[in-house]
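Hi,

Here is the structure I promised to send over. Have a look first, and then read on for what turned up in it.

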Amino acid sequence: MRNDDNIVDVQNLHITFGATEVVHGISFAIQAGETLALVGESGCGKSVSALAMARLLPFPPVCTVEGKVLFAGQDVLSFSASRLRTLRRSGIAYVFQDPAVALHPNLTIGYQMCEALQGSTADRKKRAIEGLALAGLREPAALMKRYPFTLSGGMQQRVVIAMALAREPQVLVADEPTTALDVTIQAQILDLLVRLQRKMGMAMLLITHNLGLVAARADRVSVMYAGHLVETGPVERVLQEPAHPYTRGLLDVVPRLEGHAQPLEGIPGMVPSAGEDLAGCPFASRCRYRQDVCEVQNPCLQPRHGSDGTCAVACHFPLEGGKHRAG
Ligand SMILES: Nc1ncnc2c1ncn2[C@@H]1O[C@H](COP(=O)(O)OP(=O)(O)OP(=O)(O)O)[C@@H](O)[C@H]1O
Ligand SMILES: [Mg+2]
């Protein structure tokens with residue numbers, strides 16, 4: 001089904017490193033102006049899926065990407081080098097976990113901000129200062145002359161966000177944007193992202209481990225497990241009535257902002273390693289509701305009853321009202 005409001009439309013995405021497939025045919029779409037949260041434990045394939053949107057993964061044979069990636073209806077996987085440059089300049093911008101990595105240590109904030117912009121020198125400088133102010137940084141003109149190491153981590157991340165938004169991207173990918181920051185700063189940065197996303201009307205892909213607090217700021221949420229999409233739906237519904245036992249388990253983790261979490265208390269066991277040959281549901285070995293069929297047949301993502309197609313879950317025995325029928 002083609003939806004013209006989708007700025008990003010990823011269909012049946014497979015990502016393989018060498019001989020190991022790490023993303024097994026996931027699909028997701030983001031509408032213009034909407035925030036989709038992509039949630040799951042470390043290694044489940046969130047970052048590589050996001051990088052595939054702008055073809056930022058290594059080339060074959062190191063990495064192969066199959067499926068469809070549409071940006072504004074155009075097939076990114078067949079883009080020429082120049083169209084890819086345009087896509088990366090003004091289509092999709094990325095903000096990663098650690099601002100210190102994104103900023104060049106030996107260049108002033110002003111230089112790096114202006115580099116992200118186009119136009120005359122005076123115009124770029126003016127817009128750089130506006131961008132820093134928009135990101136909540138005080139005395140932006142003075143800040144332009146400073147070097148990254150003179151700023152706190154929270155201020156550095158605000159600069160990185162300002163740099164990403166200066167390109168006026170249609171889609172912002174925020175990949176664990178607060179995980180490297182102090183807990184007190186994390187909420188401020190998240191709120192800044194959401195405020196700017198609404199103000200600028202761009203779409204956002206918010207990648208997080210944290211289903212409780214971080215994903216709650218999105219419109220919709222997609223939950224990944226071991227390279228599969230296991231549940232998707234509007235945020236309120238998924239948080240109030242998770243249908244997949246894995247999603248339920250993520251919610252049972254003590255909700256703290258700090259992303260890199262403690263082991264999942266509600267979920268014993270380990271994520272299967274990438275490339276492990278699994279006939280059944282990838283979550284079966286950790287699922288307390290598993291039955292025989294779960295060991296042999298991987299459930300596909302199916303619309304949830306009574307959700308008008310907005311919610312889907314990949315489970316043979318989905319929870320109802322957030323609870324297991326028998327339990
Ligand atoms: N350049 C690479 N070469 C080989 N394997 C890779 C490479 N990048 C990622 N992988 C593998 O792909 C899988 C998915 O990685 P990815 O970084 O997308 O996970 P993630 O969900 O973003 O995890 P985290 O929450 O820790 O960031 C992992 O098994 C990882 O080891
Ligand atoms: Mg990642």
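In which sense do S7 and strand S8 (residues 203-208) pair, and over how many bridges? They pair in the parallel sense, over 5 bridges. One of the contacts to look for there is Leu172, whose bridge partner in S8 is Met204. Before going further, please keep in mind that this is a predicted model.

On its other pairing, strand S7 (residues 171-175) runs parallel to S6, with 4 bridges. Two residue pairs help to find it on screen: Ile92 has Val171 as its bridge partner in S7, and Tyr94 stands opposite Val173. Helix H7 (residues 153-166) packs on the sheet here, touching both S6 and S7, and its direction makes about 175° with that of S6. S7 is largely enclosed by the rest of the structure, because 4 of its 5 residues are buried.

Now the whole sheet. It is open and has 8 strands, in the order S6-S7-S8-S3-S9-S10-S12-S11, with mixed pairing. The edges are strand S6 (92-95) and strand S11 (302-303), each of which pairs on one side only.

Next, the core. The largest nonpolar core has 90 residues, and Ala162, Val171 and Leu205 have the most contacts inside it. H7 supplies the largest share of this core, 9 residues. If you leave aside neighbours within four places in sequence, Ala162 is in contact with Met113, Gly131, Leu132, Leu134 and Ala135. Val171 is worth a second look, since you have now met it both as the partner of Ile92 and among the residues with the most contacts in the core.

You will probably want to know about the ligand. There are 13 residues around ligand 1, and Phe17, Ser42, Lys46, Ser47 and Val48 come nearest. By type, the shell divides into 6 nonpolar, 6 polar and 1 charged. Helix H1 (residues 46-52) gives the most to this shell, with 3 residues.

Following the chain on from there, Pro61 lies in the loop between H1 and strand S4 (63-71). A cis peptide bond joins Pro60 and Pro61, with omega at about 5°.

Two other backbone spots caught my eye. Glu139 has phi near 45°, a positive value in a residue other than glycine, and Ala226 also has a positive phi, near 50°. Are they buried or exposed? Glu139, in the loop between helix H5 (121-134) and helix H6 (140-143), has 11 other C-beta atoms within 10 Å, so it counts as exposed. Ala226 is in the loop between S9 and S10 and has 23 C-beta neighbours inside 10 Å, so this one counts as buried.

Then there is helix H10 (residues 245-252), which is mostly covered, with 6 of its 8 residues buried. Those are Pro245, Tyr246, Thr247, Arg248, Gly249 and Leu250. The cover includes strand S3 (35-39), strand S9 (220-225), strand S10 (228-234) and helix H9 (235-240).

Last, Gln291 is in the loop between H10 and helix H11 (292-296). Gln291 is exposed, because it has 11 other C-beta atoms within 10 Å. Its C-alpha atom is separated by 8.8 Å from that of His316, 25 residues apart along the chain.

Cheers

Notes
Residues numbered from 1 in each chain as written. Chains lettered and ligands numbered in written order. Predicted model: local features only at pLDDT ≥ 70, side-chain atom pairs only at ≥ 80, totals over all residues. Near = placed C-beta within 6 Å. Nonpolar A, V, L, I, M, F, W, Y, C, P; charged D, E, K, R; others polar. Pairing = 2+ DSSP bridges. Contact = placed C-beta atoms within 7 Å. Axes fitted to C-alpha atoms, helices over the stretch in contact; angles between N-to-C directions. Core = buried A, V, L, I, M, F, W, Y, C linked by C-beta atoms within 7 Å. Buried ≥ 20, exposed ≤ 12 C-beta atoms within 10 Å, placed from the backbone.
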